[in-house]
Amino acid sequence: MNIIKFIEDFPDEHSCRIHFKGVRESHGILCKNCGCTHHYWLKAKYQWQCAECNFRTTLRSGTMFENSNLPMRTWYLAMAFMSYSKKGISGRELQRQLNIKNYGTVWSMMHRIRKAMGKRDSLYTLEGMVEFDEGYFTTETSEKDKQNLKRGRGSQKQTNVAVMAESTPLEDLETGKRSKHCRYFKMKVLNGHSSETINKVVEENFDEKCIVFSDRSTSYVDIAKYIDVHVTEKSTKHTTVKNLPWVHIAISNAKRTLLGINHKIKGKYLQLYLDEFCYKLNRRYFGNRLFDRLAVAMADNYWYNNV
């Protein structure tokens with residue numbers, strides 16, 4: 001979103017609250033008490049009341065804004081800054097822009113927004129032709145891990161990440177032309193290299209009818225059990241460029257983006273940063289609509305009921 005347009009659309013706290021009310025109502029209000037979806041608005045209380053059990057739901061209840069005392073406009077500004085550019089924004093820079101004294105508050109806000117991005121993308125599976133490989137991202141070593149490292153190893157480690165790219169070309173229905181652009185990406189931090197870990201990632205993120213391209217890693221031997229076709233080829237420089245181009249383009253871009261914005265990333269938070277990268281990459285053609293889609297992700301009911 002353009003910052004000038006943001007100021008025009010959301011000049012004060014009331015405008016943000018009215019907008020978020022509309023987002024929640026278009027998405028559907030779900031009662032925490034009985035699960036009913038029929039509600040009516042209490043203007044004086046600024047809450048919804050369930051038509052079945054009379055349980056009341058506040059504007060923020062059940063969303064990523066729940067239990068936050070920050071003004072809604074502060075949240076909206078943070079969402080705008082995180083979505084208005086391809087590269088993103090650092091926590092320190094966002095702290096300066098929002099004029100918030102406590103960095104921990106900004107850090108928590110950004111991670112909530114990133115979590116909403118990840119949860120939104122987790123609702124979808126990759127279909128058609130899918131590239132699959134792994135990449136290593138440098139992360140800061142925790143104090144506990146530092147004690148287990150050999151002397152001289154330093155304070156950084158390599159975290160293994162499964163990278164998936166739905167490489168089915170986009171097709172124009174009118175002309176029949178197929179573009180060279182990749183459609184969707186996913187990145188998942190792995191706890192190990194075992195085939196069981198890989199199988200779980202494949203089962204959770206791939207459609208059963210998809211065709212998967214990968215190298216001949218021994219960890220990938222059981223992938224065929226969860227998808228339609230598994231095509232493998234020995235990993236070389238030539239085959240990587242030919243068969244897995246989008247996966248490695250995504251890995252390079254993610255590393256460059258994270259390194260350019262964040263000086264240090266702890267391993268336990270790497271998934272949140274990757275969620276933000278993939279969310280914006282998958283919606284790279286949305287333009288000004290990206291902020292609106294992020295508002296929907298922040299309002300989703302899965303925050304409290306995992307639906």
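**Stop 1: the largest pocket**

Start with the largest pocket of this predicted model, which holds about 550 Å³ of space. To land in the right spot, select Lys-86, Lys-280, Leu-281, Arg-283 and Arg-284, which are the closest to the centre of the pocket among the 26 residues that line it. Now colour helices α9 and α10, the elements that give two or more residues to this lining. Which of them gives the most? That's α9, with 6 residues. If you colour the lining by class, you'll get 12 nonpolar, 8 polar and 6 charged residues.

**Stop 2: the second largest pocket**

Next, pick Tyr-103, Trp-107, Asn-262, Lys-264 and Tyr-273. Of the 16 residues that line the second largest pocket, these are the closest to its centre. The space here comes to about 430 Å³. Show α4 (91–98) and α5 (103–121) as ribbons, since each supplies at least two residues of the lining. The largest share, 4 residues, comes from α5. By class, you'll find 7 nonpolar, 4 polar and 5 charged residues around this pocket.

**Stop 3: the closed spaces**

Time to look for cavities. How many cavities of 30 Å³ or more are there? The count is 3.

The largest cavity has a volume of about 100 Å³. Select Lys-87, Thr-257, Leu-258, Ile-261 and Glu-276: of the 13 residues in its lining, these lie nearest the centre of the cavity. Helices α9 (245–261) and α10 each give two or more residues to that lining, and α10 has the largest share, with 4 residues. The lining splits into 5 nonpolar, 3 polar and 5 charged residues.

For the second largest cavity, with about 90 Å³ of space, move over to another set of residues. Its lining includes Phe-213, Ser-214, Asp-215, Val-231 and Thr-232. Add Glu-233, Lys-234, Ser-235, Thr-239, Thr-240, Asn-243 and Leu-244 to finish the selection. Strands β7 (211–214) and β8 (229–232) each give two or more residues to this lining, and so does helix α8 (237–243). Here α8 gives the most, with 3 residues. By class, the lining has 3 nonpolar, 6 polar and 3 charged residues.

**Stop 4: along helix α10**

Go back to Glu-276, which you picked out near the centre of the largest cavity, and add Lys-280, which you met at the largest pocket. These two form a salt bridge, with their closest N and O atoms 3.4 Å apart. Both lie in α10, 4 residues apart, or about one turn of the helix. Are they buried or exposed? Both Glu-276 and Lys-280 are buried. Now bring in Arg-114, and you have a network of salt bridges linking Arg-114, Glu-276 and Lys-280.

While you're here, click on Asp-275, also in helix α10 (residues 270–282). Asp-275 is buried but has no salt bridge. Which side chain of opposite charge is nearest to Asp-275? It's Lys-188, 4.7 Å away. Show what touches Asp-275, leaving aside its neighbours within four places in sequence, and you'll see Arg-114, Met-117 and Gly-118.

**Stop 5: two more salt bridges**

The model has 10 salt bridges in total. For another one, select Arg-183 and Glu-166, whose closest N and O atoms are 3.3 Å apart. Arg-183 sits in the loop between β5 (156–166) and β6 (184–189) while Glu-166 is in strand β5, so this pair ties together parts that are 17 residues apart in sequence. Turn on the surface to compare the two ends: Arg-183 counts as partly exposed, at 27% relative accessibility, whereas Glu-166 is buried, with a relative accessible area of 2%.

Then try Asp-222 and Lys-225, whose side chains meet in a salt bridge at 3.8 Å, N to O. Lys-225 counts as exposed, at 66% relative accessibility.

**Stop 6: helix α11**

Finish with helix α11 (residues 289–299). How many of its 11 residues are buried? The answer is 8, so it counts as mostly covered under the cut-off of 20% relative accessible area. To see the buried ones, select Leu-290, Phe-291, Leu-294, Ala-295, Val-296, Ala-297, Met-298 and Ala-299.

Terms used
Residues numbered from 1 in each chain as written. Predicted model: local features only at pLDDT ≥ 70, side-chain atom pairs only at ≥ 80, totals over all residues. Heavy atoms only, no water. Buried < 20%, exposed > 50% of the residue type's maximum accessible area, 1.4 Å probe, protein only. Lys, Arg positive; Asp, Glu negative; His and termini not counted. Salt bridge = Lys/Arg side-chain N within 4 Å of Asp/Glu carboxyl O. Contact = heavy atoms within 4.5 Å. 1 Å grid on protein atoms, 1.4 Å probe; cavity = no way out; pocket = protein on both sides within 12 Å on 5 of 7 lines; lining within 4 Å. Points joined across faces, edges and corners; volume = space filled by probe spheres on them. Nonpolar A, V, L, I, M, F, W, Y, C, P; charged D, E, K, R; others polar.
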